[in-house]
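User: I'd like a close look at one part of this model, with the reasoning spelled out where there is any. Here is what I'm looking at.

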Amino acid sequence: MGRGDFDRREFLKGTGWMLGAALAGGCAVGRAPDEARPSSSGRSMANFAAPPMERVRVGYIGLGERGTWACHRVSGIPGIETAALCDLRPEAVAQNKAWLNGRKKPGAMREYKGTDDVWRKLCEDPGVDVVYLCVPAPLHAQMEIYAMECGKHVLVEVPAAQNLDDCWAIVETSEKTRRHCMMLENCVYGENELLAWNLCHQGLLGTLTHAEGGYIHLLTWRHEQDHFRNRFRKEQPVEHNYGNTYPTHALGPICTYMDMNRGDRMERIVSLSSLSAAHPEFAAENYPKDAWQNRKKWLTGDMNTSIIRTAKGRTIMMQ
């Protein structure tokens, strides 16, 4: 992807002082005029609105437990049509199509199944407006980018990406194609979260200086299941995840309370993890010695504590 003479990523590393000036002047971060933005990829997507659609034709990639639930749930929204269904397993496609037809849900329900790259054909399908991704996390970024390049809006389960380069590639593709790419963080729009948002923005909690959030519960059993979602874990001899691998449920709402990228932004982070004991101990107790769960080297710490400091001087603690 060409960036001309400017590299926005390098530019942002050295312009922290500009943020303070912008805030002092009452500017909202991320709202710079298009011609002032150091990017050759496209215009900012902040406040972008696509033309409204009378009907929204959705194609689903990944029809496991999460994808099946999403397909059933979204099909109940007025104006939604199920345009296409995609999964490696033909039986998963058949089961969802039968469920939709049995309830007389609208849509063409074209089938894409059986091979690792068949998802590309769904993205290329001219009868699909929105691609909904419910596949293992390592596949998210490449599918999001390809779907947008095919002219589709994208909805993706968390996390949208797993490294910084992929994050930039997703942002730049969205800007270039003028297509939405939304991470479906389902804890942002709950009743309690929206109540808290209103309390913050009505000024009833005063000046926000600190927030804490976490996703703390035992998931070793799920990580070690012989389950489709652990396909990539089974293939790799070492679990290379460090840090806080799943912060979004708590961090998403906090970012809306503190107006991240709409007046403030995260600037620094300090992150420390404990040793990894839960995974190897659980594997030793529950699986044969030669099982993949016991052959794997687990590096992910049992507990991570990350402290984030924002440009306005606020702090966020994530665990």
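Is arginine 103 buried, partly exposed or exposed, and what is its relative accessible area? After that, please walk me through the open sheet of 4 strands and the helix that packs on the sheet.

Analyst: Keep in mind that this is a predicted model. Arginine 103 comes out as partly exposed, because its relative accessible area is 47% and that class covers the range between 20% and 50%. As for where it sits, arginine 103 belongs to the loop between α4 (90-102) and β3 (110-113). Glycine 76 is 27 residues away from arginine 103 in sequence, and their C-alpha atoms are 10.0 Å apart in space.

Now for the sheet. Its 4 strands run in the order β7-β12-β11-β9, the sheet is open, and the pairing is mixed. The edges belong to β7 (210-213) and β9 (266-273): each has a single partner strand, so one side of each has no neighbour in the sheet. From one strand to the next, the twist averages 15°.

Let's zoom in on the β7 edge. The partner here is β12 (residues 315-318), and the two strands pair in the parallel sense over 4 bridges. Within that pairing, histidine 210 stands opposite threonine 315 of β12. Packed on the sheet is helix α11 (residues 248-257), which touches β7, β9, β11 (304-310) and β12. The direction of α11 makes about 165° with that of β12.

A good residue for seeing that packing is isoleucine 254, which is part of helix α11. Isoleucine 254 counts as buried because its relative accessible area is 5%, and the cut-off for buried is under 20%. Setting aside neighbours within four places in sequence, isoleucine 254 is in contact with Ala211, Glu212, Gly213, Ile316 and Met318. Take glycine 213 from that list: it is 41 residues from isoleucine 254 along the chain, yet the two C-alpha atoms are separated by 7.9 Å.

One more thing to look at is the second largest pocket, which holds about 160 Å³ of space. Its lining is made up of Cys200, His201, Gly206, Thr207, Leu208, Tyr257, Met258, Asp259, Lys312 and Arg314. Sorted by class, that gives 4 nonpolar, 3 polar and 3 charged residues. Tyr257 is one of the lining residues, and helix α11 spans residues 248-257, so that's a handy spot to move from the helix to the pocket on your screen.

Note on methods
Residues numbered from 1 in each chain as written. Predicted model: local features only at pLDDT ≥ 70, side-chain atom pairs only at ≥ 80, totals over all residues. Heavy atoms only, no water. Pairing = 2+ DSSP bridges. Axes fitted to C-alpha atoms, helices over the stretch in contact; angles between N-to-C directions. Contact = heavy atoms within 4.5 Å. 1 Å grid on protein atoms, 1.4 Å probe; cavity = no way out; pocket = protein on both sides within 12 Å on 5 of 7 lines; lining within 4 Å. Points joined across faces, edges and corners; volume = space filled by probe spheres on them. Nonpolar A, V, L, I, M, F, W, Y, C, P; charged D, E, K, R; others polar. Buried < 20%, exposed > 50% of the residue type's maximum accessible area, 1.4 Å probe, protein only.
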